[in-house]
Amino acid sequence: AHPTLPAVFATAAGNDRGALWRAAAPAPATTPESAPPPVQLAELEFGDSACLTRFSRDGSLAAFAGLDGNVRVVAVPGDGAAVAAPGAIVLEGPADSVAVLDWHPKGHVLVAGGQDSMLWMWNAASGKMLQCFGGHGGPVSCGGFTPDGRHLVSGSDDGTVKLWNPKDGAAIYTIAQARNDPEPAALTALAVDHDSHLIFSGGLDGSIVLSLFETGKYLHNFKSHTASVESILFAPVGFTPPIVVSASMDHSINVWDLQTSQRRMEMKHDEGVVKVMWGKGLHTNLLFSCSMDGTARIWDPRTGAEVRRFQGHTEGLLDLDVSADGTAIFTASEDFSIRVFQII
């Protein structure tokens, strides 16, 4: 979803297309079919499936990445108007499919990583490559900029987390997800807290490891998930009590107490949970999730109560986002459809 324009969103799809859209009035949660179709603002063609898209933090640029290794950036009209012939900037570097795409929190610097085991960093406005980062022994599967933008963090199929210096491309340290294991599980999710004090890493085997950000020192292993960890989130600034949230393909969303390292509660979908995120606008203290059971749901992380459920897709959900003003959610599904649901 666009960070400032509530009706604008972007998609990356298996038809080898990336696109910008403007939604019409969102549908009530109980009658999604009543929503008018969104208006396409721009379209980009890839040589294989488009797999990722991200807006810059100021919303002026949108990045798209494909399984063919292509990364492209297009300007986003500030008024949400259609772009007749978008002039995309092609960013050179990745040799294979891209799994990580992230913008610097304070500018137009973009990082991508993927199957070629590398991370690539560009000035997206000009297309100039700024740095490349090599050292992983397998594909880069998760990561991005730290909240303060001073470092990069990446997780890999080789079972390690690396902290990088963006200025010289050097790895500051490496964390092994499974200590003393000759065949550690691939990394699937990463999160760094707002003060860059803690780092959480989630694995394909359901493991969640807490490490000290400054040194990479191992602190704790949170054990409860029995399948791949798909999302890890720290609570928003000011949220009490201090918690971290994990979502897994074992159908569960777990809320962890950072003070005791104990699980406070568990929330359940009927199938694997693909993504969990915090709400926006009036809903910043609520969790939003999407699942392979075809539903999106809102949860109260303090009580574990399900606040609302959104249905209408006929297959599993692949992604979810909340509009800039927090009044609508966008869902993408294996049924080849995008739906816009009204929250309030």
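Begin with the whole chain of this predicted model and its contacts: of those with a separation of 6 or more, 44% are between residues 24 or more positions apart. With everything still selected, colour by secondary structure, and the view should show 30 strands and 0 helices. The C-alpha atoms occupy a box of roughly 55 × 50 × 35 Å along the principal axes, and the radius of gyration is 19 Å, which agrees with the value near 20 Å for a compact globule of 344 residues. Switching to a surface representation, you are looking at an accessible area of about 14300 Å², of which carbon and sulfur atoms contribute 50%, while buried residues make up 53% of the chain.

Next, select Ser49, which sits in the loop between strand E3 (39–45) and strand E4 (50–55). Its relative accessible area is 17%, and because the cut-off for buried is under 20%, Ser49 counts as buried. Show the residues around Ser49 and, leaving aside those up to four places away in sequence, you will find contacts with Ala13, Gly14, Asp16, Gly66 and Leu67. Of these neighbours, Gly14 deserves a distance label, since its backbone oxygen lies 3.5 Å from a polar atom of the Ser49 side chain.

Finally, move to residues 317–322, 328–333 and 338–342. Here strands E28, E29 and E30 form an open antiparallel sheet in that order, with E28 (317–322) and E30 (338–342) as the edge strands, each pairing on one side only. The twist averages 20 degrees from one strand to the next. Between E28 and E29 (residues 328–333), which run antiparallel, there are 5 bridges, and within this region Val322 can be picked out opposite Ile329 in E29.

Note on methods
Residues are numbered from 1 along each chain as its sequence is written. This is a predicted model: local features need pLDDT of at least 70, side-chain atom pairs count only at pLDDT 80 or more; totals for chains, interfaces and linings use all residues. Side-chain values use heavy atoms; hydrogens and water are left out. Helices (H or I, at least four residues) and strands (E, at least two) are DSSP runs, numbered from the N terminus. Buried means under 20% relative accessible area, exposed over 50%, partly exposed in between (1.4 Å probe, protein chains only). A polar contact is a pair of N or O atoms within 3.5 Å; within protein, one must be able to donate a hydrogen and the other to accept it, and residues adjacent in sequence count only if both atoms are side-chain atoms. Contact means heavy atoms within 4.5 Å. Two strands pair if DSSP finds at least two bridges between them. Axes are lines fitted to C-alpha atoms, for helices over the stretch in contact, and angles run from 0 to 180 degrees between N-to-C directions. The radius of gyration is taken over C-alpha atoms; the globule rule is 2.2 Å times the number of residues to the power 0.38. Accessible areas come from the Shrake-Rupley method with a 1.4 Å probe; for residues, only the protein chains shown count as cover.
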